[in-house]
Amino acid sequence: MSDIHHITYLCRHEIDSHQWDQCIDASVSPLIYGHSYYLDRITENRWDALIMDDYKAVMPLTWRSKFGIRYLYQPAFTQQTGIFSLAALSPSQIEAFLHQLDLHFRFAEIYLNHSNAYAAFERRTNYVVPLNAPYEQLSGQYKKDLTRNLKLAQRSSLYYKREVDPQTALHDFRREYAKRLPAIKEDDYRRFETLCEYLRDQDRLLTRTVLDEHQQPLCSALFLRDAHRFYLIHSTTPRVGRDTAANHFLLDQFIREFAGTPTILDFEGSDHPGIAHFYSNFGGVDQPYFFYRHNRLPWPVRWLK
């Protein structure tokens, strides 16, 4: 891709959704979060975009407005967006996108995808496991800590169940973690439920649960999927499930289920040391993404923010 930059700002109604989604699918980072159907539902159509050279590279701009000032934010349940390009981006091309972004928005806090490495960005941790090998080879990469927990799970007579009601999985997640995640608002959950309904109809949503010998749920997980990867959007493990290593068992069984397929299991994190350690136990490798922030708000709003 040439370093001559022809970048255009388009409002949502001006974007060709077919060309947009073709670019996402063919990009070097074809993530589900970048598709128009995902962005439309998770933002209720409140996103614009930067387009380079007739959809050879695109950047969704998810925005809100407060006190008459438009700003960029990262929607809930959308780990990383950024620039999606048909070819690797040069630093000058990333700078050209950032320059255009800064012209239109006085404040931004967004996460850019793993192909957007740039010296000024803050690195974030994201573990992934390629599933293209047989299960025996994949499980051979497990760390001793995980192997020990899986033995505990086997002694607990756990049962892996496919396809539970997504509403149940979402309800369990909110019950267990909503107070710990105050940044996720009621409207965020509502929009995500709308997205899940759409993805379920498109066969892009999977739910899994672990039951004990009395058929009582110990752990649940909700995955999104596209042609390239499975995304662990969230998992829920109450105390009784943690005591039996139910979450270890669920993810191991999921890996067993899809081993040998040309896909990736994306754990969606994490910078939290304990969670990062847990995901790395599955033989995961860090595929980092990046945080970008700029602040041109008027004083004293800039100081407050």
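Two strands count as paired here if DSSP finds at least two bridges between them. Keep that in your pocket for this predicted model.

**Exercise 1.** Work out which residue in strand 13 stands opposite Val128, and in which sense strands 8 and 13 pair.

*Solution.* Start with the ranges: strand 8 covers residues 127-130 and strand 13 covers residues 264-266. Next, the bridges: there are 3 between these strands, and the pairing is antiparallel. Finally, look across from Val128 and you land on Asp266.

**Exercise 2.** Place that pair in its sheet, then find the edge strands.

*Solution.* The sheet is open, has 7 strands and runs 9-10-11-12-13-8-14, with mixed pairing. Strand 9 (159-162) and strand 14 (285-286) are the edges, since each pairs on one side only. Now add helix 6 (residues 166-177), which packs on the sheet and touches strands 10, 11 and 12. Its direction makes about 50 degrees with that of strand 12.

**Exercise 3.** Count the cavities of 30 Å³ or more and describe what lines each one.

*Solution.* The count is 2.

- Largest cavity: the volume is about 40 Å³. Helix 6 and helix 7 (186-201) each give two or more residues to its lining, with helix 7 supplying the largest share, 4 residues. Among the lining residues are Asp165, Leu170, Glu193 and Arg200. By class, the lining splits into 3 nonpolar, 1 polar and 4 charged.
- Second largest cavity: this one holds about 30 Å³. Its lining is Ile42, Arg64, Tyr73, Pro75, Ala76, Asp188 and Arg191, which sorts into 4 nonpolar, no polar and 3 charged.

Methods: Residues numbered from 1 in each chain as written. Predicted model: local features only at pLDDT ≥ 70, side-chain atom pairs only at ≥ 80, totals over all residues. Heavy atoms only, no water. Contact = heavy atoms within 4.5 Å. Axes fitted to C-alpha atoms, helices over the stretch in contact; angles between N-to-C directions. 1 Å grid on protein atoms, 1.4 Å probe; cavity = no way out; pocket = protein on both sides within 12 Å on 5 of 7 lines; lining within 4 Å. Points joined across faces, edges and corners; volume = space filled by probe spheres on them. Nonpolar A, V, L, I, M, F, W, Y, C, P; charged D, E, K, R; others polar.
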